[in-house]
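I opened this entry to keep track of what I looked up in one chain. The notes follow the order in which I went through it.

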Amino acid sequence: MWLAAIFITATLVSNGTHAFVSFQQKSIFSRASTFRVKAGDENLETTTPSPDESMFASLRARQAEIGVREKEIKDNWCMARCKSYVAFALNDYVRRVSLSWPCVAVGTASGAVAISRVESNQKSHIVAVASNAHPASVDGADDLVDSLLDSNGGGGVTAIAMKGDSVVSGGRDGLVKVWKLVQGSSLKEKDPPPQSLELEAVLRCRGAVSAVAIEGKTIWATSLDGKLRRFHFSSSTPTPRNSSSSSSSSSSSSSSSSSSSGSILGAPQQSDKKKFSFQGSACAQSCRDLGSPVLCLAVDQEQGLVACGTADGGAVAIQYGGAKDSSSAENRFSLDDLGVDDVHTWSPHPGARCRSIAIGHGAVFSGGGDGSLKRIWLAGGRPSHDEWTQRESSQQEESGGDSATNRCLFAPGGVVEELLPTHQGSVVSLAAVALPGHEFSTLSAPTTAQGGKPPTLTGLLVSGAHDGSLRVWDCAAPLDGSQSSSASPRPLYGFGGYKCWLGSVATDGVRLVSDGSDNELIVHDFDPRSLK
């Protein structure tokens with residue numbers, strides 16, 4: 001039972017100084033010569049290996065070293081072995097973070113967007129800043145933001161996402177801004193080249209932005225006006241400057257891509273044709289009214305799944321295709337074309353707000369304003385066992401799952417499970433940890449065991465709450481239903497010492513970064529090389 005699990009609390013101690021990790025480089029290719037021995041009448045003849053044999057031997061050595069490192073990383077996560085340090089400290093409060101290692105994008109309370117290069121083997125430094133990207137306060141919007149996200153819900157930047165050199169930020173002003181990290185030229189060879197944030201596009205929402213996500217050429221955004229918006233960019237037809245008039249000429253409806261749902265403002269012409277840029281690209285917009293202010297967003301590109309949490313305690317999931325579909329299918333997709341059967345709803349947090357949501361490990365996880373965490377299995381993503389049938393019949397009415405509505409996307413019954421123990425404050429951020437070498441797609445779940453052991457859903461979940469703690473959960477579950485008592489996620493350990501301003505956590509499977517420590521960015525590095 002989960003109560004038997006040992007819950008370890010690792011208290012984070014910050015002395016305000018920077019801590020850095022030195023990598024020890026190891027040779028991954030064996031230079032030792034190998035020989036083939038041929039037996040003669042009296043002599044032994046040796047020959048040097050062919051280039052192909054040397055290459056294959058090097059590849060095998062590299063694969064073996066990668067396998068060892070991946071196992072060490074997984075063990076470090078499970079045993080709370082990491083190097084924790086303050087990456088940098090700003091002269092402003094850090095409210096939102098997004099990780100694209102070795103860079104981290106942060107949004108501040110005053111409304112600035114900053115990019116820092118946070119490498120463990122060199123001094124961390126801020127490489128680019130966009131001051132006043134969003135206003136710290138907006139007349140008429142602050143009361144709504146504070147009431148839905150509570151007084152600890154953030155500052156001028158209410159949402160941020162980074163992928164590669166693309167950064168997307170959202171604020172209280174109802175604007176989603178698309179930035180590009182541009183690298184300049186250095187005057188001296190030893191100096192790192194300067195970088196800057198170049199504004200590529202400004203997208204308008206009709207309410208304070210609560211969450212954003214980047215998916216290739218698509219920007220997803222949710223806002224407190226109850227809308228889920230999708231902005232898909234294409235370089236086929238450049239958008240003229242000040243194109244808001246053209247975008248607002250389409251017909252309006254409750255879930256249409258008209259000016260009432262969002263518009264693109266003054267995107268400059270595209271200048272670099274060799275690499276896709278949001279700047280100057282045509283933008284196809286669509287939106288969906290979810291009926292309640294939308295507080296959180298999660299997008300799984302591989303599965304083509306987007307999930308949102310709303311202020312009434314409900315959640316919505318939409319399966320749209322994603323990376324497995326062709327680019328033409330991606331261009332044709334529109335939230336306007338969705339029917340009732342394409343939108344799946346459930347109520348994981350009745351009586352509270354759904355403050356955070358994450359997709360991973362064969363399920364959708366959600367965090368509530370009352371400190372609760374819930375999980376609902378996706379179809380094909382959970383173990384099958386007779387015990388589940390009994391649990392479904394007894395929990396169906398209480399969980400709020402709708403088997404008729406959700407049977408296509410969710411596992412039969414749509415049972416919503418609770419993760420215990422609960423947090424003592426709003427669960428404002430969730431991150432599914434995809435461990436190196438253990439990526440798992442629900443739609444292609446393994447069905448056979450290896451080595452006589454049942455295949456499992458491998459992976460961890462990190463939850464961050466306003467009680468000032470991060471918690472790491474073990475979400476492993478056997479797919480054949482054996483040892484079903486271990487199917488419920490169990491807490492492994494936690495990180496304490498954060499403040500009630502904690503707003504977001506992010507991970508790349510090796511490192512965990514978070515705000516919640518005033519003006520500092522905290523890094524927990526599970527790479528075995530950082531511990532040496």
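**Helix H1**

I began with H1, which has 29 residues in this predicted model. From its first C-alpha to its last it reaches 42 Å, close to the 42 Å expected at 1.5 Å a residue.

I then asked which residues of H1 are buried. They are Ser58, Ile73, Asn76 and Trp77. For their packing partners I noted six strands: S26 (427-433), S28 (460-465), S29 (469-474), S31 (490-496), S32 (505-507) and S33 (511-517).

Leu59 also lies in H1. I entered Leu59 as partly exposed because its relative accessibility is 40%, which is between the 20% and 50% limits. Together with Met55 and Phe56, Leu59 makes a nonpolar surface patch of about 280 Å².

At the other end I checked what comes after the helix. H1 is followed by Ala80, and the phi of Ala80 is positive, near 60 degrees.

**Cys82**

Next I looked up where Cys82 sits. Cys82 is in the loop between helix H1 (51-79) and strand S4 (83-89). I listed the contacts of Cys82, leaving aside neighbours within four places in sequence: Phe495, His524, Asp525, Phe526 and Leu531. I also took one C-alpha to C-alpha distance, from Cys82 to Pro528, and got 8.0 Å for a pair 446 residues apart in sequence.

**Asp92**

I moved on to the loop between S4 and strand S5 (94-100), where Asp92 has its place. Is Asp92 buried or exposed? Asp92 goes down as buried, because its relative accessible area is 16% and the limit is 20%.

Beyond four places in sequence, I found Asp92 in contact with Thr108, Ala109, Ser110 and Asn519. With Ser110 there is also a polar contact between the side chains, at 2.3 Å. The C-alpha atoms of Asp92 and Ala112 are 8.8 Å apart, and the two residues are 20 apart in sequence.

**Thr218**

Thr218 belongs to strand S14 (residues 218-223). I recorded Thr218 as buried, because its relative accessibility is 0%. I then looked for a partner for its side chain and found the side chain of His232, in a polar contact of 2.8 Å.

**Salt bridges**

How many salt bridges are there? I count eleven, taking a side-chain nitrogen of Lys or Arg within 4 Å of a carboxyl oxygen of Asp or Glu. I wrote up some of them.

The side chains of Asp289 and Lys227 meet at 3.9 Å, N to O. Asp289 is in strand S17 (residues 282-289) and Lys227 in strand S15 (residues 227-234), so this salt bridge ties together parts 62 residues apart in sequence. I checked the cover on each partner. Asp289 counts as partly exposed because its relative accessibility is 36%, whereas Lys227 is buried at 14%.

In the pair Arg511 and Asp508, the closest N and O atoms are 2.5 Å apart. Arg511 counts as buried at 8% relative accessibility, and Asp508 as partly exposed at 32%.

Asp527 and Arg529 form a salt bridge of 3.1 Å, N to O. Asp527 is buried, with a relative accessible area of 0%. Arg529 is partly exposed, with 30%. I then followed these two residues further and found a network of salt bridges that links Arg69, Asp527 and Arg529.

**The chain as a whole**

I finished with the totals. The secondary structure comes to six helices and 34 strands. Of the 532 residues, 52% count as buried. The chain exposes about 23800 Å², and carbon and sulfur atoms supply 49% of that area.

I also looked up how far apart in sequence the contacting residues are. Among contacts between residues at least 6 apart in sequence, 64% join residues at least 24 apart. The contact of Cys82 with Leu531 is one that I had already listed.

How values were computed
Residues numbered from 1 in each chain as written. Predicted model: local features only at pLDDT ≥ 70, side-chain atom pairs only at ≥ 80, totals over all residues. Heavy atoms only, no water. Helix = DSSP H or I, 4+ residues; strand = E, 2+ residues; numbered from the N terminus. Contact = heavy atoms within 4.5 Å. Expected span 1.5 Å × (residues − 1). Buried < 20%, exposed > 50% of the residue type's maximum accessible area, 1.4 Å probe, protein only. Patch = residues over 30% accessible without salt bridge, like charges linked within 9 Å, V, L, I, M, F, W, Y side chains within 5 Å. Areas by Shrake-Rupley, 256 points an atom, 1.4 Å probe, with all protein chains shown as cover. Polar contact = N/O pair within 3.5 Å; in protein donor to acceptor, adjacent residues only side chain to side chain.
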